[in-house]
Amino acid sequence: MTDDVLFLSRDQVTVLLDIDTAIASQRAAFGALGAGGADRPDLPDMPGKIMHPSRFDDSVVFAYVSRLSRDTGAVAKFGSVNPGNAAVGLPTVHAVITALDPVTGELVAVMDGTAVTTLRTAAAGAVAFDALSTADSAELALIGSGTQALAHARAVARVRDLKSVRVWSPNPERRARAAELLAAELGIAVEATATPREAVTGASLVAACTLSTTPVVRGAWLDPGCTVVSVGSFEPTRSEVDAGVVRRAAAVVVDDPATAAEHAGPVVDALRDRLLARADLIGLGDVLTGARTARTGPDDIVFYNSVGLGVQDAAAAWAVVHAARGESR
């Protein structure tokens, strides 16, 4: 191990991977995926992800390996999802990321993967909202009040001129605290609601950031033109949205169709029940590159389900490395 290996704490990662840098990294990741039909040597390598539920509790261990391009080395992330952490005010995801030199394979960096995961997930949500929602969408419903929900509000505010946010989560104190914090940070009206329906009704943007195994967003509540992003339905047993959202959606967009078909709860259910066919799933990268169209009109309801991909971590981790080295990209 060389002396110039970067060891980056959570605080350091948070400074180096500011929200605009994170959003740019995710545009690069999904743009590369969308260009996958071309014969290019810089396309991302994306092996399958490992998700292993615990036999003892509701935690999940995961591992990703990926490489964004020939100019960035391999990245591996190992961590766990611990839903019980939310009750004690801790992030539900903890992880560590390692990055290797693109030529020699030597260790380049070891960094806190919790911060990277939070920031890249929220940034990808913002990229999805920017690509899928109408330009005048300005009312955000935030389902969840934890680390990821707050990060989503901050990221979405970078791609849309938000006028209001409504927050719901099961704990009244936490949702009130989240609303107060976001109001101070964003300088707009933020309201904590007593029910998820109150949060969603009338919203043009809905971000579901929970680990719920039962739906907290229902299709019947959605106004025409609404864009729904779900980031907590990352395994087959978790479904933040009901079948009504899928039925009403003019387009179902995912981070990667093959991965979503195996891991995304609402998508797995819809494929099983024949509400969707595999060919109906649209990759976000294909939307970004213009290969596929999701929204065809202002009244379309569009649903995006993210389960997370290794290439997202590769893009974000190398953005951190470049920033730490003082390199512009």
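Is Ser 133 buried or exposed? In this predicted model, Ser 133 counts as buried, because its relative accessibility is 7% and the limit for a buried residue is under 20%.

**Figure 1. The surroundings of Ser 133 in the loop between helix H3 and strand E7.** Helix H3 covers residues 113-132 and strand E7 covers residues 139-143, with Ser 133 in the loop that lies between them. The side chain of Ser 133 reaches the backbone oxygen of Phe 129 at 2.6 Å. A polar contact of 3.2 Å also links the side chain of Ser 133 to the side chain of Arg 160. When neighbours within four places in sequence are left aside, the residues in contact with Ser 133 include Arg 160, Leu 205, Thr 227 and Arg 295.

**Figure 2. Strand E10 with its partners E7 and E11.** Strand E10 consists of residues 205-208. E7 and E10 run parallel and are joined by 4 bridges; Ile 143 has Ala 208 of E10 as its bridge partner. E10 is likewise joined by 4 bridges to strand E11 (residues 227-230), and these two strands run parallel. Here Leu 205 stands opposite Thr 227 in E11. In a regular strand, side chains alternate between the two faces of the sheet. In E10, Leu 205 and Ala 207 lie on one side, while Val 206 and Ala 208 lie on the other. These four residues are all buried, and both faces of the strand are thus covered.

**Figure 3. The largest nonpolar core, and a second core separate from it.** In soluble globular proteins, nonpolar side chains tend to be buried together. The largest core has 69 residues, and those touching the most other members are Met 111, Leu 132, Leu 140, Leu 142, Val 165, Val 253 and Tyr 304. Helix H3 supplies the largest share of this core, namely 11 residues. A second, separate core contains 38 residues, among them Met 51, Val 228, Leu 276 and Leu 281.

**Figure 4. The contacts of Val 253.** Residues up to four places away in sequence are not counted in this view. Val 253 touches Leu 132, Ile 282, Gly 283, Leu 284, Val 287 and Ala 294, and also Val 302, Phe 303, Tyr 304 and Asn 305.

**Figure 5. Helix H11, residues 310-325.** At 1.5 Å a residue, the 16 residues of H11 should span 22 Å, and the end C-alpha atoms are 22 Å apart, which agrees. Because 13 of its 16 residues are buried, H11 is largely enclosed by the rest of the structure. Just after H11, Gly 326 takes a positive phi of about 75°.

Note on methods. Residues are numbered from 1 along each chain as its sequence is written. This is a predicted model: local features need pLDDT of at least 70, side-chain atom pairs count only at pLDDT 80 or more; totals for chains, interfaces and linings use all residues. Side-chain values use heavy atoms; hydrogens and water are left out. Buried means under 20% relative accessible area, exposed over 50%, partly exposed in between (1.4 Å probe, protein chains only). A polar contact is a pair of N or O atoms within 3.5 Å; within protein, one must be able to donate a hydrogen and the other to accept it, and residues adjacent in sequence count only if both atoms are side-chain atoms. Contact means heavy atoms within 4.5 Å. The expected span of a helix is 1.5 Å times one less than its number of residues. A nonpolar core is a set of buried Ala, Val, Leu, Ile, Met, Phe, Trp, Tyr and Cys residues joined through side-chain atoms within 4.5 Å. Two strands pair if DSSP finds at least two bridges between them.
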